[in-house]
Amino acid sequence: MSPSDFIVFGAPKIEQDEIDEVVRCLESGWIGTGPRVARFEKEFAAYKGQPFAAAVSSCTAAMHLSVLAAGIGQGDEVITTPMTFCATVNAIIHAGATPVLADVDPLTMNIDPAEVEARITRKTKAILPVHFAGRAANMDALTEIAARHGLKVIEDCAHAIETEYHGRPAGTFGDFGCFSFYATKNVTTGEGGMVLTRNEEDLARVRVLALHGMSKDAWKRFSDEGYKHYFVVETGFKYNMMDLQAALGIHQLRRVESNWRRREEIWRQYNEAFAGLSVTLPAEVEPNTRHAYHLYTILIDEAANEINRDEFIDAMTARNIGVGIHYLSVPEHPVCQDKFGWHPEDYPHAMRIGRQTVSLPLSAKLSDAEVARVIEAVQGTLSAKREAQTDRNDERTVRSNEEKVRSNEQGATSQDRGGCGQPFFAPGA
């Protein structure tokens with residue numbers, strides 16, 4: 001099979017509408033932050049049923065800005081999950097606050113509310129849950145805890161564009177909802193993110209911080225309305241989204257439901273195909289929730305399969321199937337151990353998941369033939385390892401039987417003798 005047959009993990013489904021919009025954007029001469037970004041913000045806010053949205057350069061930027069807009073900084077603590085990408089923790093650190101980890105529920109892989117409650121101190125100012133793989137976190141419990149302790153809630157919705165919990169969209173429970181439009185995400189702009197909020201003052205702060213701290217609508221300073229003066233009112237960042245990116249997002253968002261249905265179909269095919277394998281499949285979707293079907297993760301237990309996770313990944317790559325790891329738990333990373341003294345063993349559920357997890361391709365771009373190849377590769381990799389192990393076991397059994405025959409012919413072996421070389425039982429005893 002040639003390299004061109006390699007199934008790229010998370011390859012986005014880009015259609016002609018996006019290509020045409022990008023061309024029109026280029027031809028317009030306005031490729032920076034402008035009218036297409038404003039349009040994308042408005043349409044995304046409408047999709048999520050929220051009044052305010054601010055498009056930014058990444059979900060990392062969205063979380064960083066949200067933590068700052070929440071008034072969190074030096075000396076404050078934010079509780080989050082160890083089962084996440086480093087960006088979640090980094091956003092807290094960049095704001096000057098201290099991340100505190102609460103272990104996950106081993107079934108859902110989402111942050112455990114009981115663990116959150118146990119880690120609240122007088123310094124705690126917010127909870128930052130992640131809707132892992134597109135599965136809604138337990139927002140009833142988390143928002144109740146936050147309300148009781150007077151905490152902000154900042155949702156990491158990088159995996160959760162379509163996710164719903166008890167009939168309500170993810171990203172609308174907390175004070176801020178942060179989304180990703182990275183290349184592998186369910187809606188992509190190549191790079192990009194979005195902040196949702198119900199508070200207009202929070203929106204204004206996010207917008208100002210996202211563009212160098214310049215006064216409102218600074219992007220209009222070069223518009224056909226004539227040059228507009230601006231003032232720098234805060235020390236901000238370069239976190240704005242470009243129209244060139246929004247040109248993709250506008251049309252990606254319009255196909256969000258059809259792409260979701262395709263991923264749901266692939267998810268069900270995987271569940272059926274892998275039901276008999278000795279791997280842990282994703283938990284069933286909880287009642288009255290909607291899974292975004294962003295990641296399909298399986299856990300490879302070496303004891304059950306005679307193959308560890310990394311060997312499985314190598315074998316899948318050799319079969320031209322791209323896979324991912326989501327994620328090594330945060331405390332596994334040296335920088336986190338050095339900075340905070342975290343140890344993976346202190347978060348046992350996240351540690352085990354992080355060392356066994358593999359994400360399989362789940363893009364709406366996948367053809368039926370490619371889905372079949374992924375299934376065949378998973379089944380073939382696991383069965384090949386089992387067959388090889390069975391052959392080795394058979395060889396060991398044969399050698400053991402041969403040794404027993406020789407032992408019976410020659411008398412007791414050293415293993416059958418006592419410490420002085422004498423048999424444990426005298427002949428004829």
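Where does H212 lie? I looked it up and found H212 in the loop between helix 7 (200-210) and helix 8 (243-254). For these entries, helices (H or I, at least four residues) and strands (E, at least two) are DSSP runs, numbered from the N terminus.

**Ground rules**

I note that this is a predicted model, in which local features need pLDDT of at least 70 and side-chain atom pairs count only at pLDDT 80 or more, while totals for chains, interfaces and linings use all residues. Residues are numbered from 1 along each chain as its sequence is written, and side-chain values use heavy atoms, with hydrogens and water left out.

**Backbone entries**

I stayed with H212 and read its phi, which is near 65°, a positive value in a residue other than glycine. H212 is partly exposed, with a relative accessible area of 37%. I use buried for under 20% relative accessible area, exposed for over 50%, and partly exposed for in between (1.4 Å probe, protein chains only).

I then looked up H166, which is not a glycine and has a positive phi of about 50°. H166 sits in the loop between strand 6 and strand 7 (168-169). Its relative accessibility is 38%, so I entered H166 as partly exposed.

I also checked omega and found that the peptide bond from H326 to Y327 is cis, with omega near -5°. Y327 belongs to the loop between helix 11 and helix 12 (334-340). As background, most residues other than glycine have a negative phi, and most peptide bonds are trans.

**Cysteines**

How many disulfides does a search of the whole structure find? I have zero in the notebook. The criterion is a pair of cysteine sulfur atoms within 2.5 Å.

Why is there no bond from C86 to C336? The cysteine sulfur closest to that of C86 is in C336, and at 7.8 Å it is too far for a bond. I read the pair from the other end as well: for C336 the closest cysteine sulfur is in C86, at 7.8 Å. C86 is partly exposed at 32% relative accessible area, whereas C336 is buried at 9%.

**Salt bridges**

I counted 21 salt bridges in the structure. The term means a side-chain nitrogen of Lys or Arg within 4 Å of a carboxyl oxygen of Asp or Glu.

I looked up R148, which forms a salt bridge with E117, the closest N and O atoms being 2.9 Å apart. R148 lies in helix 6 (residues 139-149) and E117 in helix 5 (residues 113-118), so this pair ties together parts that are 31 residues apart in sequence. Both ends are open to a degree: R148 is partly exposed at 46% relative accessibility, and E117 is partly exposed at 28%.

My next entry is the salt bridge of E162 with R263, where the closest N and O atoms are 2.7 Å apart. This pair links distant parts of the chain, 101 residues apart, with E162 in the loop between strand 5 (152-156) and strand 6 (164-165) and R263 in helix 9 (residues 256-274). Are E162 and R263 buried or exposed? I have both E162 and R263 down as buried.

Within helix 9 I found R268 and E264, whose side chains meet in a salt bridge (3.0 Å, N to O). R268 and E264 are four residues apart in helix 9, so about one helical turn separates them. R268 is partly exposed at 46% relative accessibility, while E264 is buried at 19%. I also noted one network, in which salt bridges that share partners join K13, E15, E18 and R255.

**Surface patches**

Patches are made of residues with over 30% relative accessible area and no salt bridge; like charges are joined within 9 Å, and nonpolar side chains (Val, Leu, Ile, Met, Phe, Trp, Tyr) within 5 Å. Accessible areas come from the Shrake-Rupley method with a 1.4 Å probe, and for residues only the protein chains shown count as cover.

Which residues gather in a patch of negative charge on the surface? I listed D301, E302, E306, E311 and D314. Asp and Glu count as negative, Lys and Arg as positive, and His and the chain ends are not counted. The place of a charge is taken as NZ of Lys, CZ of Arg, CG of Asp or CD of Glu. D314 is found in helix 11 (residues 309-318) and counts as exposed at 54% relative accessibility.

My last entry is a nonpolar surface patch of about 220 Å², made by I14, I19 and V23. V23 lies in helix 1 (residues 16-28) and is partly exposed at 36% relative accessibility.
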